[in-house]
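Here is a short report for a reader new to this structure. It covers the helices of one chain, the contact between chains, the domains of the other chain, and two unusual backbone angles.

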Amino acid sequence: MEALMENLLTNVDWTEIGWASWDTLVMVGMSLLFSVLIGLPLGVMLFLFGKRQLLEQPVAYAVLSFVVNILRSVPFIILLIVMIPFTVMLIGTSLGVAGAIPPLVAGGAPFFARLVETSLREVDRGIIEATQAMGATVKQVVFGALLPEALPGIIAGITVTAITLVSYAAMSGVVGGGGLGDLAIRFGYQRFQTDVMVITVALLVIFVQLLQMAGDRLVLYFSRK
Amino acid sequence: MIVFDQVKKSYQVGGRAIPALHSTSMTIETGEVFGIVGHSGAGKSTLVRLINLLEPPTGGRILIDDENITGYNASELRAFRRKVGMIFQHFNLLSSKTVADNIAFPMKLAGIYSRAEIRERVDELLKRVSLADQANKYPSQLSGGQKQRVGIARALACRPTILLCDEATSALDPQTTQSVLKLLADINRELGLTIVLITHEMDVVRRVCDRVAVMDAGEVVEMGAVSDVFLHPKHPTTRDFVFESESIDREEMQRDLAQAPGRILRLTFRGQSTYTPLLGSVARESGVDFSILSGRIDHIKDTPYGQLTLSLVGGDLDIAMNAFEAADVHVEVLR
């Protein structure tokens, strides 16, 4: 059995795989954190400024919506390249784990913002009306009613964003980002080491499965409907 | 006291103003249960939302206890809204909060109550609406009637002086409707709260309201004491509502009346006269023969009333009519 493994996976360096997995974890974790930190307020603003909403602001909505749409319509692989000068300015390098995070956030935050906007729109208007009728300020409506009511939807949105970021992080290997994607491209693709490719893909699949399971559980836990 | 002084409301739709409420003036007295009845789209939802300015009027003034609320700034408006409770057709409870937290919510928003005060008030309200054992459940675990009781408790949390009810029983079954209406009547009696209630069911008005306004196409078409409006409806819309609530089919009734001989009278008894054995004695005195075509005895709030449709043959009709009127019975000649 051991011999078989040795023969099948001749090129696999498990230490390397371990580090690459860790790098992917860091990239996804950090970019998810910043995507949520930026995307959540952005999504709340998109919702509040929207038509017939609490702070209806057609101009502000149009501007925000336009920026979000632009970031979302640029294919991520292009965004990675376009972002390079900005990333260098921000981090000092466009390479490695740190260099991959700004483009990941640029891709993840607007994506998550739209998901937040959608889940806020799904909150029953009657609940907003009832909260206003109690004499709530807009801030109180957002923090007291909207966000708690939309929490399951927002958690589902975080899960979807995390999974998207896993695939984006793998893609960043093309332009010198780190992690499993980098390994897959350098060894699996450029050196024809199919065994490395299979292992990295398998690890990514497992990673996504775990994320989805964890997300689903949290959604279930917070759903009171 | 809630005073509407030429209040108007219209919505801007595609650059055009669509009127939802034509210029309306009326007064709702402190401590009364005031019903607003109308078909959907008649403007009653708009009318009730004007009282707590969820909908700002496009003209006129709204005075509450002699204060013009249409002139309030944002923080005055929020303070005012705490004094106006509101309950809804679909309850609008927060699904993410427990029953107790839902009731505590308006007090927390007000930011002027201590934790101990809130806890004490929530316990008191839970008992008031008979849900003391459901405090830690979530709304999804409750029945419709229980949800509306939570809604009522929540609306009362900040000790309001006005309670607005937006189709509060329309999503409930008849039995639950009864119990919720009874709770509202109790609250009105015990707390002296003014209740403004909108509904499309005349039966709800009959059970709990003191006065009623009937709305049609953005206008109040009839207003008065429930017993007057209910027993002697004048406007066609009001008549429709009354017939509907008594499940009378008008065409069928006309056919029945057409077959009856002699004169046809409708007698309306109110209060104590409802129980007097009048028909027999009047028949003896005047020599008329009567047959009862239709009749019912019921209550308007706490007052009993009866309505009989009779056909009278022979004898002296004038004596009969006078005898009825002498006994305080309202007589309407249908034919």
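Helices (H or I, at least four residues) and strands (E, at least two) are DSSP runs, numbered from the N terminus. This is a predicted model, in which local features need pLDDT of at least 70 and side-chain atom pairs count only at pLDDT 80 or more, while totals for chains, interfaces and linings use all residues. Residues are numbered from 1 along each chain as its sequence is written, and chains are lettered from A and ligands numbered from 1 in the order in which they are written.

**Chain A**

Chain A has 10 helices and zero strands. Its elements, read from the N terminus, run α-α-α-α-α-α-α-α-α-α. The C-alpha trace of chain A spans about 70 × 40 × 25 Å along its principal axes.

A residue is buried if 20 or more other C-beta atoms lie within 10 Å of its own, exposed if 12 or fewer, and partly exposed in between; C-beta atoms are placed from the backbone. Of the 225 residues in chain A, 42% are buried. Two residues are in contact if their C-beta atoms, placed from the backbone, lie within 7 Å. Take the contacts in chain A between residues at least 6 apart in sequence: 69% of them join residues at least 24 apart.

UniProt, in an unreviewed entry, lists "transmembrane region" for residues 25–49, 61–84, 90–115 and 196–215 of chain A. The unreviewed entry also lists "domain: ABC transmembrane type-1" for residues 21–212 of chain A. UniProt positions are given in the numbering used here, feature names are shortened, and annotations may be inferred rather than shown by experiment. The table describes three of these spans.

| Span of chain A | Helix | Strand | Distance between end C-alpha atoms |
|---|---|---|---|
| Residues 25–49 | 100% | 0% | 35 Å |
| Residues 90–115 | 85% | 0% | 27 Å |
| Residues 21–212 | 82% | 0% | 18 Å |

**Where the chains meet**

How many residues of chain B are in contact with chain A? There are 19, and they touch 19 residues of chain A. On the chain B side, the elements that give two or more residues are α2 (74–81), β6 (84–88) and α3 (99–110). The largest share, four residues, comes from α3(B). By class, this side of chain B has 10 nonpolar, six polar and three charged residues. Here Ala, Val, Leu, Ile, Met, Phe, Trp, Tyr, Cys and Pro count as nonpolar, Asp, Glu, Lys and Arg as charged, and the others, Gly among them, as polar.

**Domains of chain B**

Chain B is assigned domain 1 (2–227) and domain 2 (259–333). Such bounds come from an automatic or database domain assignment. The centres of the two domains of chain B, taken over C-alpha atoms, are 40 Å apart. Their contact takes six residues from domain 1 of chain B and five residues from domain 2 of chain B. On the domain 1 side, α7 (202–208) and α8 (226–231) of chain B each give two or more residues. The largest share of that side, three residues, comes from α7(B).

**Two positive phi angles**

Most residues other than glycine have a negative phi. F91(B) has a positive phi near 65 degrees. It lies in the loop between β6 and α3 of chain B. F91(B) counts as buried because it has 25 C-beta neighbours inside 10 Å.

E167(B) has a positive phi of about 50 degrees and is not a glycine. Its loop runs between β7 (162–166) and α6 (174–191) of chain B. Is E167(B) buried or exposed? E167(B) has 20 C-beta neighbours inside 10 Å, so it counts as buried.
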